[in-house]
Amino acid sequence: MKYDVLIIGAGPGGIFSAYQLVKNNKELKVAVFDSGHSLEKRKCPIDGDKIKSCIHCETCSIMQGFGGAGAFSDGKYNITNDFGGTLYEHIGRNKALELMNYVDKINLSHGGEGTKLYSTSGTAFKKKCMQNKLHLLDASVRHLGTDKNYVVLENLYAELKDSVDFFFDTKVEKIEVLGAEREKTSPEITEEEKINTTGYRVFFSGSAEKTLGETFADGEKCIISVGRSGSKWMESVCGDLKLQTLSNRVDIGVRVELPAAIFDDITDELYEGKIVYRTNLYEDKVRTFCMNPHGIVVSENTNGIVTVNGHSFEDENKKTENTNFALLVAKHFTAPFKDSNGYGESIARLSNMLGGGVIVQRLGDLERGRRTNQKRIDESFVRPTLKATPGDLSLVLPKRILDSIIEMLHALDTVAPGTANEDTLIYGVEVKFYNMEVVLDENLETDYKNLFCIGDGSGVTHSLSHASASGVYVADLISGKS
Ligand SMILES: Cc1cc2nc3c(=O)[nH]c(=O)nc-3n(C[C@H](O)[C@H](O)[C@H](O)COP(=O)(O)OP(=O)(O)OC[C@H]3O[C@@H](n4cnc5c(N)ncnc54)[C@H](O)[C@@H]3O)c2cc1C
């Protein structure tokens, strides 16, 4: 089967590429392959009753399938160049913001209308932070909420399904370059021009074999958008095609859960405050991440490793009495160590080994150096929204990271009194893995002409808005519209 454009991955990057391609040209033949299920079939088997923890499904319904890793997320689209990726380094700050705003418009017209856009700049809270050694980052935040985010995805699929060939439960195993004018012998970028090709062949396994009667499909152009779940596969593609990559960082930390009232002043006004703090002890930076007012703490499985995350809902009936957010410390490694994700995985594995999954500890117990047990959780004034194993996070997290997190909690206590209360719950571990970065040009194109790499899989983006914007950008480029 011959397509004009092959897209690998149906997360926000892949969806927005497909959306913009057919919007620009209805005649274009576009195929999208995803190893996960279609949206309505995505269901994590953990029901908290018969299945209490991850059973390591072949494809993870939380991370894979139509909608990608963000499908059941809180749907917070941060319209900013301050965090969420470095797309602006490739396409420029104004273009990046323009495309993030464009994505916002599409989301609003596909079910997200009526949702609130929060802004942090010029607020009284920003000043209060500054006066207390805390730095509040500027952003506009569209909060779709888990429920509306899902509706937007349903509507986008309904609109695209007749113009785009979607193949779910279909893993792309390999990409072959067709008719390359010369061989790429090393990942190093040379002075030579890009390598012209006649197209790309993707070999797959799964349900597309039945529909197409083949194990491969050809395309003139190819967009790789495999996200975080595809990071290991992306490394193999870079190895096969000799694409240059840069090693990246890993963020390690915990998720904090406390009564929503403690953070109400911040969350009512800003919804989410991205706050950065430099510790006195080590001068390390700690930042808040993914704040979920009146939300729930959830566990998440990445390649068999269970970590913690958070969700919140627009629907009043689903709101809880708690707010949760992550506190993360970024670790950058220097030579000879290269495997930053491996380091993060080992720490997460350690918590899985001790707790069978996510561990929860009261801050008071953590500071006293004692394990939290079920009795102390039951007596706590903060009711946990995730059933995690009471334990001792000091046996899991490196001292430097733990010290920095505790120091930040006390710094936050100055702007949101109560944050460092004894009953504040600390869940671990939260790890934010970053894909290694694929070296790309200003078109998000690899060394091969018409082979693009976008979204979180490229290492350039780490968020819904940046990943979606990168999809629109490449689609416009392919359509000759940018
Ligand atoms: C629980 C959770 C909550 C989040 N909340 C937010 C939030 O509120 N705001 C925010 O900005 N970001 C959030 N994120 C991050 C956000 O979801 C990602 O940044 C975003 O989804 C990246 O989009 P993407 O298209 O690049 O990749 P992904 O969404 O990861 O999609 C990649 C797709 O590629 C498929 N794939 C991988 N390998 C292959 C292969 N070999 N063959 C075929 N298909 C393949 C996968 O199945 C997947 O569906 C959250 C993430 C999680 C897990």
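The following questions and answers concern the domains, ligand shell, sheets and backbone geometry of a predicted model.

User: Into which domains is the protein divided, and how far apart are their C-alpha centres?

Analyst: Domain 1 comprises 2-116 + 143-168 + 437-478, and domain 2 comprises 250-433. The C-alpha centres of domain 1 and domain 2 are separated by 27 Å.

User: Which helix gives the most residues to the side of domain 1 that touches domain 2?

Analyst: The contact between the domains involves 18 residues of domain 1 and 18 residues of domain 2. By class, the domain 1 side has five nonpolar, seven polar and six charged residues. With four residues, the element that gives the most to this side is helix 5 (residues 145-160).

User: Where does the ligand lie with respect to domain 1 and domain 2?

Analyst: The ligand is surrounded by 43 residues, and the closest are Gly11, Gly68, Gly227, Gly230 and Gly455. The elements that give two or more residues to this shell are helix 1 (12-24), strand 3 (76-79), strand 8 (170-178) and helix 13 (464-478). Because domain 1 and domain 2 both give residues to the shell, the ligand lies between them.

User: How many residues of the shell around the ligand are nonpolar, polar and charged?

Analyst: Glycine counts as polar in this classification, and the closest residues of the shell are Gly11, Gly68, Gly227, Gly230 and Gly455. Over the whole shell, the division is 12 nonpolar, 24 polar and seven charged.

User: Which strands stand at the edges of the open sheet of eight strands?

Analyst: The order of this sheet is 5-13-14-17-12-20-18-19, and its pairing is mixed. A strand with a single partner strand has one side without a neighbour in the sheet, so the edges are taken by strand 5 (134-136) and strand 19 (389-390).

User: Which helices pack on this sheet of eight strands?

Analyst: Helix 4 (residues 124-131) touches strand 5 and strand 13, and its direction makes about 155 degrees with that of strand 5. A second contact list comprises strand 5, strand 12, strand 13, strand 14 and strand 17, with a direction at about 135 degrees to that of strand 17; it belongs to helix 12 (residues 399-415). The helices that pack on the sheet thus include helix 4 and helix 12.

User: How many residues of strand 17 are buried?

Analyst: Strand 17 (residues 322-331) pairs with strand 12 (residues 250-259) in the antiparallel sense over 10 bridges, and Arg255 stands opposite Ala326. Strand 14 (residues 285-292) also runs antiparallel to strand 17, joined by five bridges, with Arg287 as the bridge partner of Leu328. Strand 17 is mostly covered, and of its 10 residues the number buried is eight.

User: Which peptide bond is cis, with omega near 0 degrees?

Analyst: Most residues other than glycine have a negative phi, and most peptide bonds are trans. Strand 20 (residues 425-433) contains Val429 and pairs antiparallel with strand 12 over eight bridges; Gly428 in strand 20 stands opposite Val254. The cis bond runs from Gly428 to Val429.

User: Is Glu283, with its positive phi, buried or exposed?

Analyst: Glu283 is not a glycine, yet its phi is about 60 degrees. Glu283 is found in the loop between strand 13 (275-278) and strand 14. A residue is exposed if 12 or fewer other C-beta atoms lie within 10 Å of its own; Glu283 has 8, so it is exposed.

User: Is Asn450 buried or exposed?

Analyst: Asn450 has a positive phi, near 70 degrees, in a residue other than glycine. Asn450 is found in the loop between strand 21 (437-438) and strand 22 (451-453). The cut-off for burial is 20 or more C-beta neighbours; Asn450 has 20 inside 10 Å, so it counts as buried.

User: Which helix lies across strand 3 and strand 6?

Analyst: Strand 3 and strand 6 (residues 140-143) run antiparallel and are joined by four bridges, with Asn78 opposite Val141. They belong to an open antiparallel sheet of three strands in the order 3-6-4. Neighbouring strands of this sheet are turned by 20 degrees against each other on average, direction ignored. Running at about 150 degrees to strand 3, the helix that lies across strand 3 and strand 6 is helix 3 (residues 93-112).

Key:
Residues numbered from 1 in each chain as written. Predicted model: local features only at pLDDT ≥ 70, side-chain atom pairs only at ≥ 80, totals over all residues. Domains from an automatic or database assignment. Contact = placed C-beta atoms within 7 Å. Near = placed C-beta within 6 Å. Pairing = 2+ DSSP bridges. Axes fitted to C-alpha atoms, helices over the stretch in contact; angles between N-to-C directions.
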